[in-house]
Amino acid sequence: MEFVLNGNPNASAQERFIALAAGKNENGDARYATFVSPDGVNFTIRKADCIKIIRVDANGGIIWDSNIGQYATYTRIWYNPITGERGGSGLPGAFRWVERRLSTDLMNFSAPVLMSYRDASGNT
């Protein structure tokens, strides 16, 4: 579990630190939980099973994004941009991709949005 200082200016003292952690099953499917802590040592579960991802390939991270005023999680998945299919590393034509989910309360998260980035030439 990785944790960060909570950048939300409205967070309580009990939520000074936040974390996102996953447990995976034998298929690579993950169930994430959010955690909060006043001191960065003693954490309590804020919400279990708040995010479910099929065939995730890495643990995700969570931050307070001050640009949008919400918490944001970033997780890495395998995605085929031609077919739109998500799956494991054996998925034909799949690439590692990043998806983001947003939350205002560390308990309820939006549907995933696939992230795309531009190179120095402006190409995606």
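These legends go with close-up views of a predicted model.

**View 1. E15 and R46 meet in a salt bridge.**
The closest contact, N to O, is 2.3 Å. E15 sits in the loop between strand 1 (2-5) and strand 2 (17-24), while R46 belongs to strand 4, so this pair ties together parts 31 residues apart in sequence. The two partners differ in how much surface they show. E15 has 16% relative accessibility and counts as buried, because the cut-off for buried is under 20%. R46 has a relative accessible area of 27% and is partly exposed. The structure holds four salt bridges. Why can such pairs form? Side chains of opposite charge can pair when their charged atoms come close.

**View 2. E99 forms a salt bridge with R86.**
Here the closest N and O atoms are 3.5 Å apart. The pair links distant parts of the chain. E99 is in strand 8, R86 is in strand 7 (residues 86-87), and 13 residues separate them. Is E99 buried or exposed? E99 is buried, with a relative accessible area of 2%. R86 is partly exposed, at 37%.

**View 3. E99 also pairs with R101.**
In this salt bridge, the closest N and O atoms lie 3.0 Å apart. Both residues, R101 and E99, are buried. Which residues make up the network of salt bridges? R86, E99 and R101 are linked in it. E99 is bonded in this way to R86 and to R101.

**View 4. D49 has a positive phi.**
The value is about 55°, although D49 is not a glycine. D49 lies in strand 4, which covers residues 44-53. R46, seen in View 1, is in strand 4 as well. How does D49 stand with respect to the surface? D49 is partly exposed, with a relative accessible area of 39%. That value falls between the cut-offs of 20% for buried and 50% for exposed.

**View 5. L106 has a positive phi too.**
Its phi is near 65°, and L106 is a residue other than glycine. Where is L106 found? L106 is in the loop between strand 8 (95-103) and strand 9 (113-114). Strand 8 is also the strand that holds E99. L106 is buried, with a relative accessible area of 1%.

Definitions and conventions. Residues numbered from 1 in each chain as written. Predicted model: local features only at pLDDT ≥ 70, side-chain atom pairs only at ≥ 80, totals over all residues. Heavy atoms only, no water. Helix = DSSP H or I, 4+ residues; strand = E, 2+ residues; numbered from the N terminus. Buried < 20%, exposed > 50% of the residue type's maximum accessible area, 1.4 Å probe, protein only. Salt bridge = Lys/Arg side-chain N within 4 Å of Asp/Glu carboxyl O.
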